[in-house]
Amino acid sequence: MKRTEPDTGNIPAFDLKRQYRSIGAEIDQAIRGVLESGWFILGDNVRSFEQEFSEYCGASFGIGLASGTDALQFGLRACGIGEGDEVITAANSAFATATAISWTGAKPVFSDIDDTYTIDVAKIEEKVTARTKAVVPVHLYGQPADLGALVEIAKKHDLKIIEDACQAHGAEYNGKKVGSVGDVGCFSFYPTKNLGAYGDGGMAITSHEDIAEKLRLLRDYGQVSRYDHRVKGYNSRLDELQAAILRVKLRKLDEWNVKRRQHAKLYDELLGSASVVTPIVRDDVLHAYHLYVVRSPYRDQLRQWLKENGVATDIHYPVPIHLQPAYSELGMERGSLPLTEQYAAEILSLPMYPELTRDEIKRCAEIIRSFPGPSE
Ligand SMILES: *Cc1c(COP(=O)(O)O)cnc(C)c1O
């Protein structure tokens, strides 16, 4: 294939090298500071970042952990969820949302979504039983779930809310940052997230002091002070290097999220008359656009067309969790979550990251608009 213009190279689905180029000097300095300090686990950077991030989110406490999966698992445990309990969540999520529930000993109960790709709150009550103890709404792709309605249902049935905000750093529901609405908010700092480390990391935030205490025990061998172990805790700590990196990046998060929203707006405008369904956004939210996901009944052919024209895409997620072999024990047949299953076959994640250029978005949109349609 011949490329005549310099800016018509391939467009990756995401690109972390561009970000590092823009903040490299500050990152290098932060890393050097940790290396020179000789202190790598639970030190000043973790403490400061816990305070800075929980404050940013509007919560009283932050507990730095090894991953978003642990934030979910420990968040549930700290709320008293365990063996014999049921936890309602969505099946169109990262697999970790469900395994975190399973690891507590509880059973994930999957409920269908609506056209915003978040849990359909109107369908939750059908799933509530005497064993139901919590709901895990997933703010998928960066769009907050319908937290207002969810809080009402949770009150009525005495359920805890553990927010899976792993894709939604900085997103807002009715002016409140996600993660601060439920009992616990769970974040991942996996490298590609809106706020990403250079390795694994996570955080649970809460405004309940007792829950915060339990989270601190769970992450550090169950000890309240050195060699005084109160529960059979784990080893799941955000490390000083990642915390130092994340402190630098947190200062850029709002600016990066603004860029994501600008990119989404341009995609929306350019794809308005194309044959794909663009994201449907509730008017009481500020979307963080971790991903920009469109829908087409000819998804696989459209994806191939984009690939042939130099645009990389991804699918989040091609197989809903209730149809994964690991959850065959639930006995949920195909057809049990109609929208979740239909969308899994139609969704396509277009390139989305702050460093994406307007020209790249325009090219991507042009290629979609020139998609000849399904070939029989
Ligand atoms: C990334 C992610 C997780 C898991 O986070 P890790 O840090 O990879 O453990 C959980 N839920 C959702 C929705 C995610 O996107």
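Here's a quick briefing on the ligand site of this model, plus two backbone oddities. Keep in mind that this is a predicted model. The headline is that the ligand takes up the space of the largest pocket, and the protein covers 90% of the 380 Å² of accessible area that the ligand has on its own. Away from that topic, there's a cis peptide bond from His316 to Tyr317 and a positive phi at Leu42.

**The pocket**

- The largest pocket comes out at a volume of about 590 Å³.
- Its lining runs to 38 residues, and Gln167, Tyr190, Thr192, Lys193 and His290 are the ones that lie nearest the centre.
- Helix 1 (16–37), helix 3 (68–78), helix 4 (95–103), helix 7 (240–271) and strand 14 (347–350) are the elements that each give two or more residues to that lining.
- Helix 3 supplies the largest share of the lining, at three residues.
- Sorted by class, the pocket lining splits into 18 nonpolar, 13 polar and seven charged residues.

**The ligand and its shell**

- There are 15 residues around the ligand, and Gly68, Thr69, Asp164, Ser188 and Lys193 come nearest.
- Lys193 shows up on two lists, as it's among the residues nearest the pocket centre and among those nearest the ligand.
- Lys193 also puts a polar side-chain atom 2.6 Å from an oxygen atom of the ligand.
- Gln167, another of the residues nearest the pocket centre, has a polar side-chain atom 2.9 Å from a ligand oxygen atom.
- For Thr97, the partner is a nitrogen atom of the ligand, with a polar side-chain atom of Thr97 lying 3.5 Å from it.
- The elements that give two or more residues to the ligand shell are helix 3 and helix 4, and both of these are also on the list for the pocket lining.
- By class, the shell around the ligand has five nonpolar, eight polar and two charged residues.

**Backbone spots to check out**

- The His316 to Tyr317 peptide bond is cis, with omega near 10 degrees.
- Tyr317 itself sits in the loop between helix 8 (299–308) and helix 9 (338–344).
- Leu42 isn't a glycine, yet it has a positive phi of about 45 degrees.
- You'll find Leu42 in the loop between helix 1 and helix 2 (44–57), and helix 1 is one of the elements that give two or more residues to the pocket lining.

How values were computed
Residues numbered from 1 in each chain as written. Predicted model: local features only at pLDDT ≥ 70, side-chain atom pairs only at ≥ 80, totals over all residues. Heavy atoms only, no water. 1 Å grid on protein atoms, 1.4 Å probe; cavity = no way out; pocket = protein on both sides within 12 Å on 5 of 7 lines; lining within 4 Å. Points joined across faces, edges and corners; volume = space filled by probe spheres on them. Helix = DSSP H or I, 4+ residues; strand = E, 2+ residues; numbered from the N terminus. Nonpolar A, V, L, I, M, F, W, Y, C, P; charged D, E, K, R; others polar. Near = heavy atom within 4 Å. Polar contact = N/O pair within 3.5 Å; in protein donor to acceptor, adjacent residues only side chain to side chain. Areas by Shrake-Rupley, 256 points an atom, 1.4 Å probe, with all protein chains shown as cover. Sits in = over half its atoms within 2 Å of the grid points.
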